Amino acid sequence: MIELRDLGVAIDGRMLLRDVNARVEPGEFVAVLGPNGVGKTTLLRAIAGVRPHAAGSIIVGGEAVDRLRPAQRARRMAFVTSDDALTDALTVVDVVGIARFAHHRWWEWSSTPQDEAAIEGALRAVRMEAYRERLFSTLSSGERQRVWIAMGLAQETPVLMLDEPTSHLDVRVAHKILALLREVARRGHTVLCVLHDLNEAAAYADRLMLLGCDRLLAFDRPNAVLAGDAIEEAYGIEMERVRLPDGRLRVFARDAIL
Amino acid sequence: MLLRLAGLAALALLAACGGLLVGGSPLATADVMQALLHPAHASAVTTIVWQLRMPRICIAIVVGSSLAVAGALLQGMLRNPLADPYLTGVSAGAAAAISIAILAGVAPPLTPGIGFVAGLGTAILVAALARRGGGVDPNRLILAGISLSALFSAVVALVLTRAQSVDYVQQFIAWLAGSLAGRGWHALAVALPYATLGMLLALFAIPALNALRVGDVRARAVGLDVGRSQWLILIASSLLAASSVALAGIVGFIGLIVPHLARRVVGSDARVLLPACAFCGAALCLAADAIGRTIVAPSELPIGVLLAFIGVPTFLYLYLRAEART
């Protein structure tokens, strides 16, 4: 379980988000949405503990994130990002194996049967088991994304956070990845995921966390968020809403419709 | 992988054996074996083996392995293949201090110690300038290292232009070119504890180096204390580089190139990469020293010059050929 209390995040002293209060339950898939530069990635990194937050507190599993030692934190939360290139010639299994860092003491250099099982399970979950010995540099964008997600899964944490896992991917691969995350949440993990496509988020997430105007504008079920004015307030454009036969809403920028 | 590592170790051992046999006065294998087995036996061969060649071999092993491991540590930490052990200003700081010490007439046996202290001091200054948050900023580290190196190089140039004695200039240039000539057990005894400490700290850094292969952010996410690891790596690499500078002056090429060669042989897993660098660096340094002592005997070629002349074209050939294949 993740709890954000009066949370503020900043970059270089400039406050991006203030007074964010939210609670994400185990087994929930929450999509974090908002315009570019609003602080989605910064918020996720602060929750993951890979950068400090400016105000308030982040509680994960009952303890404040900034009080946890790095290894303790990494056994509770995995953070998946795709914006960093590799310089070494690493194979898929090398990359995924690094996720097991927090499960070892510094003198335990060899992988254990538990490590092997976690790595194999993660590769199987993203359907990359056939690629385990392939060089990471030879993979396509979609395959790389799946490897990063496998790395997050191999960490075996109750919380999985992902920063734009579907960016640069075609609709088929994006669908597979989101369906996989949906499945991960169904197995009891908390999934917090930054997405850009509102309809993609609404189709897969249990709740949408909409950020804008330096605060949390809405945090509710997809239909409730898409139906409200917060969408227009966040993005600064008028939206057209379309209701699907099953009652779910979808939104489109009004200019794009006309 | 272990087989490849054993191959590199065998290469270093072979180079060490070669170093015992060749030099100004070539020795027969049987005589060398006799001297090795009976060190107390008084003979010219025993003196050559135990007082001249053996300390040089040990120093070459320490210098070669220290520089190669320091290079691998910094390249891993900065994720920059151009990083070398002298990036933190160790060589420039030591050069400036030693140039002044020689000019001031400080006794030659004291200069390695002065070089060590000044080199380490410069590395600490560079690290302090690069400090950010709980760790160091890689870009700041590179900028601070380059800036201070330029400043200390200017000090060296100033001292050289002020020097009146040709002897002084020759003595200093020999140090700059990197040489093991005249180094004995005493020099090794002074530098070895620091080099050993650097190697031990490098062992502690192995898990961190492996985690850093996926970048700082991901390394943090998998539970690495990146700031603490950066300090550990910086201290280890500075101790190794400063020990090497104190022992042999500025020996280029090894710290930059050997990690690349070793990575091609054993991959980037630090558990095998660091030992591979140590064996490969030692082998190269031993071979260069043996050749430098032989080809213009009874005179000697500085090891740094020889490494650059032979090593750089060889490395470029191997590297470009491998690139073309892939």
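Let's start with β1 and β2 of chain A. β1(A) and β2(A) pair in the antiparallel sense, over seven bridges. One of the partnerships to look for is A:L7 with A:V20, the latter in β2(A). Bear in mind that this is a predicted model.

The same two strands form a hairpin, with two residues between them. Look at A:D12 in that turn: phi is positive there, about 50°.

Now the other partner of β1. β1(A) also pairs with β4(A), again antiparallel, over five bridges. Here A:G8 faces A:A55, which belongs to β4(A).

Next, one strand further. β4(A), residues 55-60, is joined to β5(A) by two bridges, and these two run antiparallel. A:I59 is opposite A:A64 of β5(A).

Put the pieces together. What is the strand order of this open sheet of four strands? Reading across, we have β2-β1-β4-β5 in chain A, with antiparallel pairing. And which strands stand at the edges? They are β2(A), residues 14-24, and β5(A), residues 63-64. Each has a single partner strand, so one side of each has no neighbour in the sheet. As a general reminder, strands of a sheet pair through backbone hydrogen bonds.

Something sits on this sheet. Helix α1(A), residues 40-48, packs on it and touches β1, β2 and β4 of chain A. The helix direction makes about 125° with that of β1(A).

Is α1(A) mostly covered or mostly open? Mostly covered: seven of its nine residues are buried. The buried set is A:K40, A:L43, A:L44, A:R45, A:A46, A:I47 and A:A48. Note that A:K40 and A:R45 are in that list. Just past the helix comes A:G49, with a positive phi of about 80°.

On to the contact between chains. 24 residues of chain A are in contact with 20 residues of chain B. On the chain A side, the elements giving two or more residues are α2 (70-76), β6 (77-80) and α3 (92-98). Which of them gives the most? That is α2(A), with four residues. By class, the chain A side has 17 nonpolar, four polar and three charged residues.

Now chain B, and a pair of helices. α2(B), residues 29-37, packs with α3(B) at an angle of about 70°, the axes being 9 Å apart. The two are therefore roughly perpendicular to each other. From α2(B), the contact uses B:D31, B:V32, B:A35 and B:L36. From α3(B), it uses B:V45, B:T46, B:V49 and B:W50. That makes six nonpolar residues, one polar and one charged.

Last topic: the core. In soluble globular proteins, nonpolar side chains tend to be buried together. Here the largest nonpolar core has 197 residues. Which members touch the most others? A:V96, A:M161 and B:L286 do. So both chains are named in that short list. Helix α3(B), residues 44-78, gives the most to this core, with 17 residues.

Let's zoom in on B:L286. Which residues are in contact with B:L286, beyond four places in sequence? One group is B:A12, B:A15, B:A16 and B:G19. The other contacts are B:I57, B:A60, B:I61 and B:G64.

To recap, briefly. Chain A has an open sheet of four strands, with α1(A) packed on it. Chain B has α2(B) and α3(B) packing at about 70°. Over to you for discussion.

Notes:
Residues are numbered from 1 along each chain as its sequence is written. Chains are lettered from A and ligands numbered from 1 in the order in which they are written. Two residues are in contact if their C-beta atoms, placed from the backbone, lie within 7 Å. Ala, Val, Leu, Ile, Met, Phe, Trp, Tyr, Cys and Pro count as nonpolar, Asp, Glu, Lys and Arg as charged, and the others, Gly among them, as polar. A nonpolar core is a set of buried Ala, Val, Leu, Ile, Met, Phe, Trp, Tyr and Cys residues joined through C-beta atoms within 7 Å. A residue is buried if 20 or more other C-beta atoms lie within 10 Å of its own, exposed if 12 or fewer, and partly exposed in between; C-beta atoms are placed from the backbone. Axes are lines fitted to C-alpha atoms, for helices over the stretch in contact, and angles run from 0 to 180 degrees between N-to-C directions. Angles under 35 degrees count as roughly parallel, over 145 as roughly antiparallel, 65 to 115 as roughly perpendicular and the rest as oblique. Two strands pair if DSSP finds at least two bridges between them.
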